Every structure is written in C-alpha cells, then in structure tokens.
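Trainee: Please take a close look at a single part of this model, the contact surface, and then at the charged side chains. I would like one connected account that says how each term is used.

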2 protein chains.
Amino acid sequence: MNVSSNPKRKTILLTGKELFWKFGIKRVTIEEICMEAGVSKMTFYKFFSNKMDLVRTIMDDIFDISLKEYRSIMDSDLPFTEKVSQSILLKREQTKAMSSEFFSDFYGHADPEMVEYFEQLKNKNIQMIADDYARAQKDGDIRQDIKVEFIIYFLNQLLEMTHDDKLLNLYDHPQDMIMEITKFFFYGILNREVHT
Amino acid sequence: MNVSSNPKRKTILLTGKELFWKFGIKRVTIEEICMEAGVSKMTFYKFFSNKMDLVRTIMDDIFDISLKEYRSIMDSDLPFTEKVSQSILLKREQTKAMSSEFFSDFYGHADPEMVEYFEQLKNKNIQMIADDYARAQKDGDIRQDIKVEFIIYFLNQLLEMTHDDKLLNLYDHPQDMIMEITKFFFYGILNREVHT
DNA sequence: TCCTTTCGTACTCATTTCGTACAATCATGA
DNA sequence: TCATGATTGTACGAAATGAGTACGAAAGGA
C-alpha cells in the first residue's frame, strides 16, 4: 500500500491542518495533534519527523491541490472573464479559514531554508499567473497599456478585500461581492473594443 | 486614582480578552499578553496575581457589563416583543467573537472553586431571565400554558442558531435572521388574544 | 497461529513559562 | 532642579511542558 494514502497519515494531515489554521503553528503541540487525530505519537513519528515536517507536507499539499484547481480553470474553454471570476472565488475558498497566525508563525519560526523553499514555490505560482495574464493580454482579452505586475498586485488586493467583513456586509451573499469585484476588475482592464 | 480604572490595567484586560477569545486560555502566555499590551511583566503582576486571576476578572467584567445592558433593555418602556428581540441581538453581539476554545479551556483548566463561582453567577443570571419571563407571563405577554424553563432552553437554542453559518447564509443581513427568529419565537409563545 | 501495525505508558532531555528581584529609566509635580 | 512613584528591561531559579525514544501490550489481518 502506498504510504501517502495511509488513512492514519491522512487523518494526521487533516487535523494538523485544522489546528494550524485555527491557532497557528507554535501554539499547537504534536501530542495535541495525535490526541485529536486519535493516533499515538509513535504513529506520528512514523510518517513525519517533526512538527515542521508536517507543516511542510501540509503546505506542499495545498500548493499542489490549488495549483491543479487553478490550472483546470485556466486551461478550460471558459471565456476569460469567467476564468478570472472563478479563480478569485477558488482562492477565496482556499484562504477563508486560514488564520493570519499561521503565516506569521510560519515566517517567524520555520527555518530559513523552508521559508526560502516556499517563497520559491510561491514565486513560481505568481510567475505562472503572470504568464496567464500576459497571454490574455497578447490575445487581446486585456488592454495593452497595463503592467501585468500591477494586475497581480491588484488581484492580491482584491483577495484581501473578499475577507473584509466591512465589505462583505454590503452584500446579501458573498457571491454577490465576488461578482461585483470581478465586474469592477474587468471594466477596468478589459479591452474597450470588446464592449463596442 | 482608582486602581480599576488604571489605563495599563485596562489594556491588559483588553488584550487578554482578545487573545483568550481567539486561542483559548492555555495557549496564551502571560508574557505574550504583556508583549501585546506593551506592558512589563511587573506591571501585570501588580494588577493580577496570575493568568487565572486575569481570566476571572475578565469574566467578572463580562458578567457585570452584559447584566447591566440586559437590565437596561428589560427595564425600559419598550414593548415586550421589542425587549426580547433586542436582548437576543445583544447576546449575539457579546458571544460573536468568542471561541468555544475559551470555554472548554475554562472548564478544563480552571480550579473547581472558580468554575463553581461562575456557575453560580450564570445560574443567577438564568434565574433573573426566568423571572423576567415569569413576570411577562403573569402580565399576559406570554401564554400561560408554557413552562418558563422551556423558554430559557429555547432562547439558548436560538442563540446557538444565530452563530450558525448555514442559517446565516439564508439571509441578506444578520439582522434579518434575528428578526425571523424572534418573529418565530413570538408567534409561538405570544398570547393569541394579542392578535385578535 | 504468526506477523505487522498501532497503542499507551514511561522516561530523558531541552525548552518554555512562571513568578520574583533589582537596577535603570521615565514622568511629573513640588 | 530634585524627589518620588510608576514602569521598564533583564536576569534568574523553579516548575511545567513538550519533543522525541523505548518497550511491552493489544489489536487485527493473512
């Protein structure tokens, strides 16, 4: 049987993620994860060498899964506007339950190599997104006189906004907010020709 | 100057509350509270003898404040339906940011006397609420053939519901949900005569 | 039945946290 | 300007907690 599909291992990953999401890394102990997962410490150390190893695995998984989901959206036959709208919605779902605590803990307590490793992963992701938008620009979906870097920056700002309760409360449903945001996004960057 | 109005003390209470709310009690250290509050450890120990002392003070304050707010609603000249509606809204606001972690920590780690102390406070509060509803029943605001204890129980259930995202998402604004809930509450318990 | 996996407990060692002490610093009004 | 009380940062020993390992018992499938 493949080790990575071991049910105990999966449970550890899942409960680890849940606890880290809620409380950050340093506040969660290995014993606590074992308790919550209904698994003995020996089993934990069978699959992971320490807490940070578990964190890395969790983050690896997240990068992997979210990459796949993102690509399946961007490589689909949907119209460009729909792709962007869906990818924002996707990102929002992924980051919803995340505590900022997790990231500050990660950058504060993970060893530099690990931080470096994920910075590179993150940069590769950003680069890929940038490529997607650069291609869209070339294809005429986005007007020519706008920096792709600005778009990336702006997308991140939009993502932040989707988690802001003050904004959220303006809408009946989160989806309405997303729609409003993406609409705004497009009428700012879309080629005027598209609308004529 | 009154000790209890000392600004440093207030800051400690406030940041303590924030951290406890988010992470529970056992995950938060005194040094962390001091750091976050921008206060030295000596100052902390000047006002509180240990972490649990701080917890008790915070809970005391909460009981005290929420009691006052509740009474100001119930002793007002508002119609009974309005009183109930507002008191549910009040309770909801008070419990919104609370993590269940806080309470499980409290019951799990506080010494028995302290738990006992707050159980009594809580019971006194419940008794007071029960009295309010008993009086309302006597005054004819509530139909006679209903147990006050059932009402109390049901109010708690309603409160739980106001924090349920599945329910929340059915409404445009939380206020709409509260209104729906209280409406339901009343058309179940109100004297029929009122409606004729 | 045997063999592997998992569990619970117990243990050591390192780290963290607690609570206290003390000298240095700051604020402020006489 | 000085005195005084409040507050800070640092340091420290004691206590508690968490990490990681060892091992015998239990469970469970072949």
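Mentor: Helices (H or I, at least four residues) and strands (E, at least two) are DSSP runs, numbered from the N terminus. The model is predicted, so local features need pLDDT (the predictor's confidence in each residue, from 0 to 100) of at least 70 and side-chain atom pairs need 80 or more, whereas totals for chains, interfaces and linings use all residues. Residues count from 1 along each chain as its sequence is written, chains are lettered from A and ligands numbered from 1 in the order written, and side-chain values use heavy atoms, without hydrogens or water.

Chain A sets the frame: eleven helices and zero strands are found in it, and 42% of its 196 residues are buried (under 20% relative accessible area, with exposed over 50% and partly exposed in between; 1.4 Å probe, protein chains only). The mean pLDDT of chain A is 81, and 89% of its residues reach 70 or more. Over residues 189-196 of chain A, however, the pLDDT falls below 50, although this stretch has twelve contacts (heavy atoms within 4.5 Å) in the model beyond near neighbours in sequence. Where pLDDT is low, predicted coordinates should not be read in detail.

Consider DNA strand C, with a residue counted as near if one of its heavy atoms lies within 4 Å. Of the 15 residues around this strand, Lys8(A), Thr43(A), Lys46(A), Lys41(B) and Tyr45(B) come nearest, and by class the surface near DNA strand C has five nonpolar, six polar and four charged residues. Here Asp, Glu, Lys and Arg are charged, Ala, Val, Leu, Ile, Met, Phe, Trp, Tyr, Cys and Pro nonpolar, and the others, Gly among them, polar. On the DNA side, sugar or phosphate accounts for 62% of the atoms of DNA strand C within 4 Å of the protein, and bases for the rest. Individual polar contacts (N or O pairs within 3.5 Å) go to both parts of the strand: an N or O atom in the side chain of Lys8(A) is 2.9 Å from a phosphate oxygen of DNA strand C, and a polar side-chain atom of Lys46(A) lies 2.9 Å from a phosphate oxygen of that strand, whereas a polar side-chain atom of Lys41(B) lies 2.8 Å from a base oxygen. The elements giving two or more residues to this surface are helix H3 (41-47) of chain A, together with helix H2 (30-37) and helix H3 (41-47) of chain B.

Turning to DNA strand D, 14 residues surround it, and the closest are Lys41(A), Tyr45(A), Lys8(B), Ser40(B) and Thr43(B). Of the atoms of DNA strand D that come within 4 Å of the protein, 65% belong to sugar and phosphate. A polar side-chain atom of Lys41(A) lies 2.9 Å from a base oxygen of DNA strand D, whereas the side chain of Lys8(B) places an N or O atom 3.0 Å from a phosphate oxygen. Ser40(B) contributes through its backbone, with an N or O atom 3.1 Å from a phosphate oxygen of DNA strand D. For this strand, H2 and H3 of chain A and H3 of chain B each supply at least two residues of the surface, which by class has five nonpolar, five polar and four charged residues.

Lys41(B) leads on to the charged pairs. Side chains of opposite charge can pair when their charged atoms come close. By the salt-bridge rule (a side-chain nitrogen of Lys or Arg within 4 Å of a carboxyl oxygen of Asp or Glu), the count over all chains comes to 15.

Lys41(B), partly exposed at 40% relative accessible area, forms one of these with Glu31(B), the closest N and O atoms being 3.9 Å apart. That pair links distant parts of the chain, since Glu31(B) is in helix H2 of chain B and Lys41(B) in helix H3 of chain B, ten residues apart.

In chain A, the side chains of Lys26(A) and Asp105(A) meet in a salt bridge at 3.2 Å, N to O. Because Lys26(A) lies in the loop between helix H1 (7-23) and helix H2 (30-37) and Asp105(A) in helix H6 (residues 100-109), the pair ties together parts of chain A that are 79 residues apart in sequence. Lys26(A) is partly exposed at 42%, whereas Asp105(A) is buried at 2% relative accessibility.

A more local pair is found in chain B, where Arg56(B) and Asp53(B) form a salt bridge with their closest N and O atoms 3.3 Å apart. These residues are three apart in helix H4 (residues 51-74) of chain B, so about one helical turn separates them. Arg56(B) is partly exposed at 31% relative accessibility, whereas Asp53(B) is buried at 16%. Elsewhere, salt bridges with shared partners join Arg71(A), Asp75(A), Asp132(A) and Arg135(A) into one network.

Note on methods
A polar contact is a pair of N or O atoms within 3.5 Å; within protein, one must be able to donate a hydrogen and the other to accept it, and residues adjacent in sequence count only if both atoms are side-chain atoms.
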